[in-house]
Amino acid sequence: MNTINQFLTLSWALIYRDIATRYRRSVLGPFWTIAQPLLLMVVFTLLRGMITIPSEGVPYVIFSYSALVPWTFFTSSLNRCGPSILSNGSLIKKSNIPKEVFPFSAIVTSFFDFLMSSGILMGMMVYFKVQVNVTLLWLPVLILITGILAFGIGMFVASIGCFKRDIIIATPFLMQLWLFATPVIYPTTSVPDRWIWLYKINPMVGIIEGFRSVLVKGQSPSPELLVYSIALTVFFLIVSWPLFRWLSRYFADVL
Amino acid sequence: MTDETTIKVENLWKQYGLPMPKILNKFKQNLIGKGLSSVNHWALKDITFEVKRGETLGIIGPNGAGKSTLLKVLAGVTPANRGSVKVKGKVFPMIELNAGIHPELTGRENVYLLGAIMGFSRREIEVSMPYIEDFIELGEWFNKPVRMYSSGMLARLGFGVAMNVDADVLLVDEVLAVGDLRFQRKCYKRMQKLKEEGVTVLFVSHNIRQVERLCETALMLNDGKVLMQDRATSVAEAYYNLIDEETRLKVKAERSPRDTAHCLSSGELFIEHVEVQNLKGETVDSIASGEGVHLVLRVRTVCPIEQPIVGIGLVSTDMITVASFSNDGVSNRPSFHGIATMHCTVPTLPLNPGVYSIRVKVIDKKGSTLFTGHELAVIKVVRQDRERETLLPYGGFLRLEVMWEP
């Protein structure tokens, strides 16, 4: 119990530090938090003027933004998790703390950003008069899976990256590629049938489709895709957490 | 482990880095080549010691001896490879005190952050906050971003947190030299008080005098091994002897001071050599405490120099000038041209045993510097023959003539 308490106190302190200091000396401040998914949406909407991207009968703005918001939560979580150990090296060398707090608070920090972008999304949904229903109750489940998946992969990246930096440097690039391998700016139906089996290996397919069907179509997520995503999330967690635990004892030695 | 023992370390071995299985290591060695087997450097080798509750243990030793590593293992920051480490109670490591301080947060916000990092709840920090605020004396600065602080103010922040939270064991790593003199004195007092309250303190420092002052016992580390654990004064003396010996050998090896970096000359005058003799005129290595010494300076000048003023200083191993004297007041000072010698006699040298190095400064009549040189020679002051080994070790430098009433 004491450990959990310490964990939460420390997480809160780190999250407060990150959020309170991030924009303290900037002009636009919190706008930067929502800028990424918003700008991506604008770019892809403009792009759609030149090439055809189907959007399953909803305004493309809503279609892409409803997926870009959870996607940004996922990528920014991972991008923050990766260097979280390295950038807090001085703390790790100073005191014996459960190292999970660093990727954990990275994800919670990203979650706050996600909440802000969600506000914009809600406004847009009201503007475009998107009908929603009880399937919205799936949202907490989907958010939780996204967070845990990012936590699982993030711990892997952070712990390995502590010893060899390459994986941390590569993460932002890989995330850009991953965006195009996920139905964020186009629907899954655009993927050719003979590649769909390969496509569905990506656990984010089920999650992003889930978000979109709940938010835009008012339907429950496809159980088949979702179960697969959950299974893979659990798999990542049980592989990378013990690895992280073991490696974390030696973080202080190499930082 | 008795009730009184707070820290117990047994056969501790520590090597940095990820411990690889033996086969992997062999494979790696084959890959790199046999010559590089020094990858396996042990930072700590078979360390064993105990510390009792309320004790203050000083840890001394040259750089790279493993002092900080030992503290890190005790703090649980890094694991031991072999052996056991038991620490009872709440540990507060004062390692890299300012690490984790965020420049954009205010002093107060940083105190909460530091507290959380050290494992204290918000409630605990809130309880300590008035004491911390009072202790670090930052006034209105406490609510300003830390980036605006001077380095001394910054150091006080970390130190203030450490000194005012409830911990059973304090691990202190080279941090007492913070703040101004007044703050330092305050820290000493605070440490004394913590000691009385039963807090166990491990204290790493290069300042041996500090260790002598603050600690009852001390541990001397060298090359990852415990060389000695004893009363602080004895360990300090042993450590001085170790450095003294090194200093003596070094000075001896550099007999021509003109070539060394210890000398600075305007180009007109050089002290080429300083010789230490006893009063009989014999060149000696050591002088008995309380006896006299005769110094012979060999001077070489490039041009005639009229009546320069020569000052001589005796410097202890920890760079304290113990005594200095000059021929400033002497009316018939010699003038030099070419090579000459100068003699100087100190009829009694009332110094305690130790090694003292000689520095010389020469200025001309107008006061501009002609020559300065450090460690030109050393005088090793030893115990007088008839004196027995003392139980209570020497402290300080001066040998006073004392009468004891029966």
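These notes cover chains A and B of a predicted model.

1. **The contact between the chains.** Chain A puts 22 residues into the contact, and chain B puts 25. On the side of chain A that touches chain B, the elements giving two or more residues are α1 (2-22), α4 (89-92) and α11 (251-254) of chain A. The most comes from α1(A), with eight residues. By class, that side of chain A splits into nine nonpolar, seven polar and six charged residues.

2. **Domains of chain B.** Chain B has a domain 1, spanning 5-244, and a domain 2, spanning 254-382. Their C-alpha centres are 41 Å apart. Across the boundary, five residues of domain 1 of chain B are in contact with four residues of domain 2 of chain B. On the domain 1 side, α7 (208-214) and α8 (232-253) of chain B each supply at least two residues. The largest share there is three residues, from α8(B). The class count for this side of domain 1 is three nonpolar, no polar and two charged.

3. **Nonpolar cores.** The largest nonpolar core has 127 residues. Within this core, L170(B), L171(B), L202(B), F203(B) and A218(B) touch the most other members. Helix α3 (residues 60-87) of chain A contributes the largest share, 12 residues. Another core of 27 residues lies apart from it and includes L269(B), F270(B), V274(B) and L297(B).

4. **F203(B) in detail.** Set aside the neighbours within four places in sequence. F203(B) is then in contact with T56(B), L57(B), G58(B) and I59(B), among others. The rest of its list is V172(B), V211(B), L214(B) and C215(B).

5. **Strand β18(B) and its partners.** Strand β18 of chain B covers residues 369-382. Strand β10 (residues 263-265) of chain B runs antiparallel to β18(B) and is joined to it by three bridges. There, L264(B) has T372(B) as its bridge partner. Strand β12 (residues 286-288) of chain B also pairs with β18(B) over three bridges, but in the parallel sense. In that pairing, V381(B) is opposite I287(B). Strand β17 (residues 354-363) of chain B pairs with β18(B) in the antiparallel sense, over nine bridges. I363(B) faces T369(B) in this pair.

6. **The β17(B)–β18(B) hairpin.** Five residues lie between the two strands of this hairpin. In the turn, G367(B) has a positive phi of about 105 degrees.

7. **Strand β5(B).** In a regular strand, side chains alternate between the two faces of the sheet. Strand β5 (residues 91-94) of chain B is covered on both faces. V91(B) and P93(B) are buried on one side, and F92(B) and M94(B) are buried on the other. β5(B) pairs in the parallel sense with strand β6 (residues 169-173) of chain B, over four bridges. V91(B) has V169(B) as its bridge partner in β6(B).

8. **Helix α2(B).** Why call helix α2 (residues 67-75) of chain B largely enclosed? Because eight of its nine residues are buried. The buried residues are K67(B), T69(B), L70(B), L71(B), K72(B), V73(B), L74(B) and A75(B). Two lysines, K67(B) and K72(B), are in that list. Just after α2(B), G76(B) takes a positive phi of about 80 degrees.

9. **Helix α9(A).** Helix α9 of chain A takes in residues 203-217, 15 residues in total. From first C-alpha to last it reaches 21 Å, close to the 21 Å expected at 1.5 Å a residue. α9(A) is mostly covered, with 14 of its 15 residues buried. G218(A) comes just after α9(A) and takes a positive phi of about 65 degrees.

10. **T135(A) in its loop.** T135(A) sits in the loop between α5 (101-127) and α6 (138-163) of chain A. Is T135(A) buried or exposed? T135(A) counts as partly exposed, because it has 16 C-beta neighbours inside 10 Å. Neighbours within four places aside, T135(A) is in contact with V214(A), G218(A), Q219(A) and S220(A). Of these, G218(A) is the residue with positive phi just after α9(A). F235(A) is 100 residues from T135(A) along the chain, and their C-alpha atoms are separated by 27 Å.

Definitions and conventions. Residues are numbered from 1 along each chain as its sequence is written. Chains are lettered from A and ligands numbered from 1 in the order in which they are written. This is a predicted model: local features need pLDDT of at least 70, side-chain atom pairs count only at pLDDT 80 or more; totals for chains, interfaces and linings use all residues. Two strands pair if DSSP finds at least two bridges between them. The expected span of a helix is 1.5 Å times one less than its number of residues. A residue is buried if 20 or more other C-beta atoms lie within 10 Å of its own, exposed if 12 or fewer, and partly exposed in between; C-beta atoms are placed from the backbone. Two residues are in contact if their C-beta atoms, placed from the backbone, lie within 7 Å. Ala, Val, Leu, Ile, Met, Phe, Trp, Tyr, Cys and Pro count as nonpolar, Asp, Glu, Lys and Arg as charged, and the others, Gly among them, as polar. Domain bounds come from an automatic or database domain assignment. A nonpolar core is a set of buried Ala, Val, Leu, Ile, Met, Phe, Trp, Tyr and Cys residues joined through C-beta atoms within 7 Å.
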